[in-house]
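Here are my notes on the model you sent over, set out as numbered points. I hope they are handy to have beside the viewer.

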Amino acid sequence: MHEYTSTARVWGLSCPGFPEEVSRARRWTRDILRGSPLAEDAERIVSELSANAILHTASGREYGSFHLAVAVSAQVVAVSVTDDGGTTTAPKVEHQDQDAEHGRGLGMVSAIAHRVVVHDSDQGHTVTAELYADTRLGGHPC
């Protein structure tokens, strides 16, 4: 195979920032990953990241939106949610007490995913969670 040839497939979806769009993003992810052993985890992650975008950023305001990408290769499934920004701080993983009512979402995502990366830009934040088909690619977090 040529070094610039990729076997990854990438899908994208843009959603208005309405709460009911979280379930659409979840269904869309489930349809793409149908038959994959990583589908259920990816679906949970998409749900959490989409809800966070609507609740905590300009994505949930009038005319707001969030954008979802799912990349699939033989080795990894990566799901990314990009919000509309509008906050002074980027999302960060916080390990809250399990009785806490808020602030546990990205901690949950990091517990499910093998790797979580947050990119901050002037246009918004992108949170990418990677699930490895073969855990030898990178150990699961403790």
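1. Let me begin with the pair β4 and β5, which are joined in the antiparallel sense by seven bridges. The two strands make a hairpin, with two residues between them. If you want a register check here, look at D120, whose bridge partner in β5 is H125. Please keep in mind throughout that this is a predicted model.

2. Stepping back to the whole chain, the protein has three helices and five strands. Along the sequence they come in the pattern β-α-α-β-β-α-β-β. Of its 142 residues, 39% count as buried. Among contacts with a separation of 6 or more, 61% are between residues 24 or more positions apart.

3. How are the strands ordered in the sheet? The five strands form an open sheet with the order β1-β2-β3-β5-β4, and the pairing is antiparallel. At the edges are β1 and β4 (115-121), each of which pairs on one side only. On average, neighbouring strands in this sheet are turned by 15 degrees against each other, direction ignored.

4. Next, the β2 and β3 pairing. These strands run antiparallel and are joined by six bridges. A hairpin of three residues links β2 to β3. For the register, H67 stands opposite T82 in β3.

5. On its other pairing, β3 (residues 76-82) is joined to β5 (residues 124-132) by seven bridges, again in the antiparallel sense. Two pairs are useful for checking the register: V79 has A129 as its bridge partner in β5, and V81 stands opposite V127 in β5. Strand β3 is mostly covered, with five of its seven residues buried.

6. V77 is a good residue to click on in β3, the strand where it is placed. Is V77 buried or exposed? V77 counts as buried because its relative accessibility is 3%, and the cut-off for buried is under 20%. Leaving aside neighbours within four places in sequence, V77 contacts L33, L38, A42, A71, V72, A129, E130 and L131. The C-alpha atom of V77 is also 6.5 Å from that of Y132, although the two residues are 55 apart along the chain.

7. Now to the helices, starting with α1 (residues 20-32). This helix has 13 residues and reaches 19 Å from its first C-alpha to its last, close to the 18 Å expected at 1.5 Å a residue. Which residues of α1 are buried? They are E21, V22, A25, W28, T29 and I32. These residues lie on the same side of α1, because they cover an arc of only 125 degrees around the axis. The general background is that an α-helix has 3.6 residues a turn, so residues three or four places apart point the same way.

8. What covers that buried side of α1 includes β1 (9-16), α2 (39-56) and β2 (65-72). The helix α1 lies across β1 and β2, and runs at about 165 degrees to β1.

9. Helix α2 has 18 residues and reaches 25 Å between its first and last C-alpha, close to the 26 Å expected at 1.5 Å a residue. It lies across β2, β3 and β5, running at about 15 degrees to β3. Its buried residues include A39, A42, E43, I45 and V46, and further along L49, S50 and I54.

10. S50, which lies in α2, deserves a look of its own. S50 counts as buried because its relative accessible area is 0%. Setting aside neighbours within four places in sequence, S50 touches V22, A25, F66 and V81.

11. Last, the nonpolar core. The largest one has 28 residues, and those touching the most other members are L33, I45, L49, F66, L68, V79 and L131. The elements that give two or more residues to this core are β1, α1, α2, β2, β3, α3 (105-112) and β5. The largest share, seven residues, comes from α2. For I45, the contacts beyond four places in sequence are V79, V109, I112, A113, A129 and L131. As a general tendency, nonpolar side chains in soluble globular proteins tend to be buried together.

Notes
Residues are numbered from 1 along each chain as its sequence is written. This is a predicted model: local features need pLDDT of at least 70, side-chain atom pairs count only at pLDDT 80 or more; totals for chains, interfaces and linings use all residues. Side-chain values use heavy atoms; hydrogens and water are left out. Helices (H or I, at least four residues) and strands (E, at least two) are DSSP runs, numbered from the N terminus. The expected span of a helix is 1.5 Å times one less than its number of residues. Buried means under 20% relative accessible area, exposed over 50%, partly exposed in between (1.4 Å probe, protein chains only). The arc is that of the directions from the helix axis to the C-beta atoms. Contact means heavy atoms within 4.5 Å. Two strands pair if DSSP finds at least two bridges between them. Axes are lines fitted to C-alpha atoms, for helices over the stretch in contact, and angles run from 0 to 180 degrees between N-to-C directions. A nonpolar core is a set of buried Ala, Val, Leu, Ile, Met, Phe, Trp, Tyr and Cys residues joined through side-chain atoms within 4.5 Å.
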